[in-house]
Amino acid sequence: MAKTTKKINLALQGGGAHGAFTWGVLDRLLQEDDIEICAMSGTSAGALNGAALKAGMTTGGRQGARDNLEWLWLQVAGVSDLRMGDWMAPFGLQVLGKQIENSMTYAMGDAVSRMVSPYDYGAFYKNPLREIVEKFDYDRVCDTHAPLFYVGATRVRNGKIRVFEGDEIGPDALMASACLPTVFQAVEMFDKTTGREEAFWDGGFTGNPALFPLFDPKLPEDIVIININPLERDTVPTSPQEIQNRINEISFNSSLLRELRAIDFVQRLIEDGTVDSDKMSSVRIHMIADDVLMGQLSAATKVVPNPAIIGQLKAAGIEAAEAFLRDGVDNIGKRSSVNLREMFA
């Protein structure tokens with residue numbers, strides 16, 4: 001008996017080098033012929049993953065998407081083979097993360113970012129992402145065929161989210177989506193929605209990622225969120241690094257939680273008959289994450305693309321996708337596998 005195709009939308013969260021976890025999830029999902037990705041909304045690293053998947057799939061199908069994602073992360077890691085970092089694997093993610101966080105190089109860079117503006121570098125300023133994003137084939141990234149692709153960034157002037165789609169997506173849009181303001185100068189470009197030149201910062205502040213572009217009636221009702229910022233930590237942060245890291249996680253999860261709360265509210269209205277289901281979308285939410293794993297890492301491992309950590313995060317993403325395919329995928333088309341009521345209880 002042939003398998004029924006399960007149509008999904010993907011919501012790809014941002015989180016710097018931790019986006020390698022998302023790479024692993026996508027790599028595994030792309031091997032399932034009965035899962036069809038109809039649309040993607042991505043922020044920061046999620047936007048880079050989405051662009052690589054879309055460009056690769058447009059010409060090379062599923063294998064093309066997998067190959068292009070691997071190319072992207074080799075570029076990010078600055079190596080030609082992630083196995084070059086295998087000798088460090090026995091140390092484990094937590095040990096490697098602490099080594100990076102406690103290194104003199106990271107400590108100095110972190111201190112400088114708190115005292116020196118990216119604008120103080122003058123002619124020496126360079127955004128390292130530009131070399132990577134300019135290599136994408138934007139005819140393929142912006143192709144009108146599925147999966148549809150949306151990129152979120154934050155408009156600095158008014159603090160509102162700006163979602164780029166279609167031929168609006170180019171190197172500047174991807175850099176804007178990943179523009180941490182303490183590290184990079186704002187990305188400035190003409191915004192046709194406001195009719196003026198605008199500056200943009202990381203989309204994680206206002207939509208990490210934005211879910212509302214995926215509410216289109218023409219798209220499936222199932223949204224699979226690939227979450228890479230821990231929603232919960234049982235221990236209270238006490239060191240300066242731990243406190244700053246948790247502030248980062250909370251702020252970059254807040255916009256996602258607001259949208260999920262709104263979805264839960266609408267679902268309640270539909271269920272009790274207050275709102276006609278024909279007039280409001282009934283969205284089913286699924287999530288692929290590993291909070292325990294991500295809890296071992298920190299903001300340091302987001303900004304330092306260590307090949308060993310990237311390789312282990314990819315492997316962890318594959319494992320998390322396997323768990324979803326085993327325990328959650330049958331909910332697609334039927335019910336949410338995330339209990340929103342419980343989440344906000």
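1. Cavities to start with. Searching the whole of this predicted model turns up 1 cavity of 30 Å³ or more. The largest cavity holds about 30 Å³ of space, so don't expect much room, given that the search cut-off is 30 Å³.

2. Who lines that cavity? The residues are His18, Ile228, Asn229, Pro230, Arg233, Asn245, Glu249, Met294, Leu297, Ser298 and Lys302. Sorted by class, the lining is a mix: 4 nonpolar, 4 polar and 3 charged residues.

3. On to the packing. The largest nonpolar core counts 64 residues, and Leu10, Phe21, Leu53, Phe136 and Leu174 have the most contacts inside it. Helix α2, spanning residues 45-77, gives this core its largest share, with 12 residues. Another core sits apart from it, with 20 residues, including Val163, Leu211, Leu260 and Phe344.

4. Leu10 deserves a click in the viewer. Skipping neighbours within four places in sequence, Leu10 touches Leu26, Leu29, Ile37, Ala39, Met40 and Ser41, and also Leu214, Val224 and Ile226.

5. Now the chain as a whole. It has 12 helices and 8 strands. How much of the chain is buried? Of its 345 residues, 50% count as buried. Taking contacts between residues at least 6 apart in sequence, 79% join residues at least 24 apart.

6. Last, the surface. About 16400 Å² of the chain is exposed, and carbon and sulfur atoms supply 54% of that area.

Technical notes:
Residues numbered from 1 in each chain as written. Predicted model: local features only at pLDDT ≥ 70, side-chain atom pairs only at ≥ 80, totals over all residues. Heavy atoms only, no water. Helix = DSSP H or I, 4+ residues; strand = E, 2+ residues; numbered from the N terminus. Buried < 20%, exposed > 50% of the residue type's maximum accessible area, 1.4 Å probe, protein only. Contact = heavy atoms within 4.5 Å. Areas by Shrake-Rupley, 256 points an atom, 1.4 Å probe, with all protein chains shown as cover. Core = buried A, V, L, I, M, F, W, Y, C linked by side-chain atoms within 4.5 Å. 1 Å grid on protein atoms, 1.4 Å probe; cavity = no way out; pocket = protein on both sides within 12 Å on 5 of 7 lines; lining within 4 Å. Nonpolar A, V, L, I, M, F, W, Y, C, P; charged D, E, K, R; others polar.
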